[in-house]
Amino acid sequence: MFKIYSTAWCGDCVRIKNFLLEFGMTNGDGYEEIDIDQNPEAADYVMEVNGGNKSVPTIVFEDGTSLTEPSVIELEDKLEELNLIKN
Amino acid sequence: MSQDIREVVIIGSGPAGLTAAIYNARARLNPLVVAGVEYGGQLMGTTDVENFPGFPEGIMGPQLMMNMLNQAKNHGAEILYKYVTKVDFSGDVKKLTVDGQEVQARSVILAVGSSPRLLDIPGEKEYWGKGVSSCATCDGAFYRDKIVAVIGGGDSAMEEANFLTKFASKVYLIHRRDEFRASKAMQEKVFANEKIEVLWNTKVDEVKGDDKLVNSLEITDTVKGESKNLEVNGMFLAIGHIPNSDFLDDQVSRDDRGFVDVVSGHTNTNIPGVFVAGDVHDHHYQQAITAAGMGCMAALDVEKYLQSLD
Ligand SMILES: Cc1cc2nc3c(=O)[nH]c(=O)nc-3n(C[C@H](O)[C@H](O)[C@H](O)COP(=O)(O)OP(=O)(O)OC[C@H]3O[C@@H](n4cnc5c(N)ncnc54)[C@H](O)[C@@H]3O)c2cc1C
């Protein structure tokens, strides 16, 4: 399962999650969501994986790659590449 | 996406565009919404919306926008998560360039809203996302126990400054004049907040950092004429909005600030078949409900226009 680092009020996060719903993915079923507001150490981790960028959503895949604030098109391409969704 | 001529294409996906989409979809016009990559509009960057009717406890901005999007989709609107980069309104059939491809339509609703204004100073672009932001509610959590500056003097600057005190140890509110434009109530909240220090008559000249993150601002006191370095970890811009209308070029009449003109009726631009709604026209009310209301008006005007063609 890939991980989405987010906050409750982050619009880009809601946008991404609403998009993933189109593929039947929800928190716990398809991806795991981590609220960095509830987990301060996760905020440091986010900055580590995306080169110091203080931005959510940051999405970390099982192969270690990550996307920061992707557009839904970029995310869709990535999920296809990883065979997580079918075109 | 079919290659046929669309009855209506709606550009933009804030409250204006999505309300228009709901109406035009229900009228069986099979609208295409070119939503943009950052779809959902300005409310995607805010927390509680407490003045949109129908939600007695308030609603999170992004949730409200996804509700509108899903409502438009449920009624059959087609959504494209891309930008329109060019328009040609010279003929009866309007032509739009979307991601290098041409889309044709008998009518168009311009609902592209507005974007935060930038200071246009050195360092601002380089440190965007690395300390520079226009959305406190999106990025505030990264500034726990840090020092930040908010630039501006209107309601949204007050709101951002107050919000940031939830996380930051100190918030400088930097304003170039000696009084705020913001409402009295908002100002009082700011003055009562011990974490906020107002720097009057001050302008920011440069954003500085260690190449990775912001660590200070070069500021000038415009009355004393003195410049100094102010240590901060972040800078939040709240200096107003500019309409997202550059791509329209001279294809439709705009005022000197770029807002699209209504020349007759309530939503008619100077081009027959091209209508406008929301913040890209209205720089006066700038509210979600008024944008949605104007989206409804534009959708109904489209229906009437298309009937007049038959
Ligand atoms: C921080 C903040 C808090 C706010 N809080 C409130 C509030 O509590 N209550 C309230 O009523 N109002 C509030 N507002 C104001 C409200 O958000 C706006 O008035 C409203 O969103 C305007 O709607 P709109 O549809 O005209 O445009 P926008 O919301 O700006 O949406 C325009 C959309 O069009 C897209 N777009 C732009 N160019 C193109 C293109 N070329 N092709 C395709 N798509 C494009 C953009 O990406 C965007 O998604 C707030 C605004 C901000 C910034």
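Here are legends for a handful of close-up views of this predicted model.

**View 1. A three-stranded open sheet in chain B.**
Here you're looking at three strands of chain B, lined up in the order 14-15-16 with antiparallel pairing. Strand 14 (202-209) and strand 16 (226-231) of chain B are the edge strands, each with a partner on one side only. Neighbours in this sheet are turned by 25° against each other on average, ignoring direction. Zoom in on strand 15 (residues 214-221) of chain B and you'll find six bridges to strand 16 of chain B, running antiparallel. One residue pair to look for is Asp221(B) with its bridge partner Glu226(B), which sits in strand 16 of chain B.

**View 2. Strand 17 of chain B and its parallel partners.**
In a regular strand, side chains take turns between the two faces of the sheet. Which residues of strand 17 (residues 234-237) of chain B point one way, and which the other? Gly234(B) and Phe236(B) go one way, Met235(B) and Leu237(B) go the other, and all of them are buried. Strand 10 (residues 132-133) of chain B pairs with strand 17 of chain B in the parallel sense, over two bridges. Within that pairing, Val132(B) stands opposite Met235(B). Strand 11 (residues 147-151) of chain B also runs parallel to strand 17 of chain B, and four bridges join them. There, Val148(B) stands opposite Gly234(B).

**View 3. A tilted tyrosine pair in chain A.**
Over all chains, the structure holds 13 aromatic pairs. One of them brings together Tyr5(A) and Tyr45(A), a tilted pair at 5.4 Å centre to centre with 50° between the planes. Tyr5(A) belongs to strand 1 (residues 2-6) of chain A and Tyr45(A) to helix 2 (residues 40-49) of chain A, so this pair ties together parts that are 40 residues apart in sequence. Is each ring's residue buried or partly exposed? Tyr5(A) counts as buried because its relative accessibility is 8%, while Tyr45(A), at 30%, counts as partly exposed.

**View 4. Phe191(B) and Trp200(B), a tilted pair in chain B.**
The ring centres of Phe191(B) and Trp200(B) lie 6.4 Å apart and the planes meet at 45°, so this pair is tilted. Phe191(B) is partly exposed, with a relative accessible area of 47%. Trp200(B) is partly exposed as well, at 30% relative accessibility.

**View 5. Rings from chains A and B in one cluster.**
Follow the ring pairs here and you link up Phe19(A), Phe23(A), Tyr39(B) and Tyr81(B). Now look at the face of Tyr39(B): Arg15(A) lies over it, at 5.3 Å from the ring centre.

**View 6. The surroundings of the ligand.**
How many residues surround the ligand? There are 34, and the closest are Ala16(B), Gln42(B), Asn51(B), Asp279(B) and Ala288(B). Asp279(B) is worth a second look: one of its backbone N or O atoms lies 2.8 Å from a ligand oxygen atom. A backbone N or O atom of Ser114(B) also faces a ligand oxygen atom, at 3.3 Å. With Gln287(B), the contact comes from the side chain, where an N or O atom is 3.0 Å from an oxygen atom of the ligand.

Note on methods. Residues are numbered from 1 along each chain as its sequence is written. Chains are lettered from A and ligands numbered from 1 in the order in which they are written. This is a predicted model: local features need pLDDT of at least 70, side-chain atom pairs count only at pLDDT 80 or more; totals for chains, interfaces and linings use all residues. Side-chain values use heavy atoms; hydrogens and water are left out. Two strands pair if DSSP finds at least two bridges between them. Axes are lines fitted to C-alpha atoms, for helices over the stretch in contact, and angles run from 0 to 180 degrees between N-to-C directions. Rings of Phe, Tyr and Trp (its six-membered ring) pair if their centres lie within 6.5 Å; planes under 30 degrees apart count as stacked, over 60 as edge-to-face and the rest as tilted. Buried means under 20% relative accessible area, exposed over 50%, partly exposed in between (1.4 Å probe, protein chains only). A charge sits over a ring if NZ of Lys or CZ of Arg is within 6 Å of the ring centre and within 35 degrees of the ring normal. A residue is near a molecule or strand if one of its heavy atoms lies within 4 Å of it. A polar contact is a pair of N or O atoms within 3.5 Å; within protein, one must be able to donate a hydrogen and the other to accept it, and residues adjacent in sequence count only if both atoms are side-chain atoms.
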